[in-house]
Amino acid sequence: NRYSYVSTTAPTFPGIENFKVDKTTMYPVAVAGRVRKTDREVEVIKYITKITCEGHKMVMRSVKPGIMEYQASSIFMFYCYRYGGGREMGYIPICPSGDRSKILHYGGQSAPNNFQIEDGDMCLFDMG
C-alpha cells in the first residue's frame, strides 16, 4: 500500500479466465487494505480499537430509558473525541432501539438515530 510499499498479487481461482477482470479501477484501492500492515499501522489499529471499546463501554453505562438514540451516539463520539483525540468517525454511528434494531443500516442522513429509547428496548448499536 502507499504507506508500507508492500505489494500483492490479484487473487486467482479455477475459472477466472471466464471473467473480465479489471485491475485498474478498484484493484489498487482494494489491494491497499489487503497487504501486510507496518508496525506503526498495527499500533494505530490497536489504539483505535482500545478507544472505540472504551467508548462502547461508556455508552453501555450511560444509556437509560428515555434518552434519544442520537444521545447514545453523541456519548460514543464524545468519548472518542475527548479521550482518543479522534476528529472523525469511520462512519455515522447507527443506534437503533426497539423494533428499529432489525433495520440494516438504520437511520442515516435522513433520520439519524431519531427515536427515544424505551424501557425494555433492545439497542443494537454499530459505532466506530
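**Entry 1: the pocket.** I started with the largest pocket, which comes out at a volume of about 250 Å³. This is a predicted model, so I kept the confidence scores at hand. I counted 13 lining residues, and Tyr-47, Ile-48, Gly-84, Gly-86 and Glu-88 are the ones that lie nearest the centre of the pocket.

Next I asked myself which elements each supply at least two residues of that lining. They are α2 and α3, and α2 gives the most, with five residues. I also sorted the lining by character: six residues are nonpolar, five are polar and two are charged.

**Entry 2: confidence.** I looked up the pLDDT next. The chain averages 86, and 91% of the residues score at least 70. Which element has the lowest mean, and which the highest? Helix α1 (residues 27-34) sits at the bottom with a mean of 72, while α3 tops the elements with 95.

**Entry 3: the core.** I then turned to the largest nonpolar core, a set of 14 residues. I noted the members that touch the most others: Val-59, Val-63, Phe-76, Phe-125 and Met-127. Two elements give two or more residues to this core, α2 (39-62) and α3 (69-84). Of the elements, α3 gives the most, with five residues.

Phe-125 caught my eye, and I listed its contacts beyond four places in sequence. Phe-125 touches Val-59 and Val-63, along with Ala-72, Ile-94, Cys-95, Pro-96 and Ile-117. Val-59 and Val-63 are thus on my list twice, as contacts of Phe-125 and among the core members with the most partners.

**Entry 4: Asn-114.** I found Asn-114 in the segment after α3. Is Asn-114 buried, exposed or partly exposed? Its relative accessibility is 40%, so I wrote down partly exposed, the class between under 20% and over 50%.

Leaving out residues up to four places away in sequence, I have Asn-114 touching Met-68, Glu-69, Tyr-70 and Tyr-106. I checked Glu-69 further: Asn-114 and Glu-69 are 45 residues apart in sequence, yet their C-alpha atoms are 6.0 Å apart in space.

**Entry 5: Glu-43.** My last stop was Glu-43, which has its place in helix α2. Glu-43 counts as partly exposed because its relative accessibility is 49% and exposed would need over 50%. I also took the distance to Pro-11: the pair is 32 residues apart in sequence and 27 Å apart in space, C-alpha to C-alpha.

Conventions
Residues are numbered from 1 along each chain as its sequence is written. This is a predicted model: local features need pLDDT of at least 70, side-chain atom pairs count only at pLDDT 80 or more; totals for chains, interfaces and linings use all residues. Side-chain values use heavy atoms; hydrogens and water are left out. A nonpolar core is a set of buried Ala, Val, Leu, Ile, Met, Phe, Trp, Tyr and Cys residues joined through side-chain atoms within 4.5 Å. Buried means under 20% relative accessible area, exposed over 50%, partly exposed in between (1.4 Å probe, protein chains only). Helices (H or I, at least four residues) and strands (E, at least two) are DSSP runs, numbered from the N terminus. Contact means heavy atoms within 4.5 Å. pLDDT is the predictor's confidence in each residue, from 0 to 100. On a 1 Å grid over the protein atoms alone, a cavity is a set of points where a 1.4 Å probe fits but cannot get out, and a pocket is an open set with protein on both sides within 12 Å along at least five of seven lines; lining residues have an atom within 4 Å of a point. Grid points are joined across faces, edges and corners, and a volume is the space filled by probe spheres set on the points. Ala, Val, Leu, Ile, Met, Phe, Trp, Tyr, Cys and Pro count as nonpolar, Asp, Glu, Lys and Arg as charged, and the others, Gly among them, as polar.
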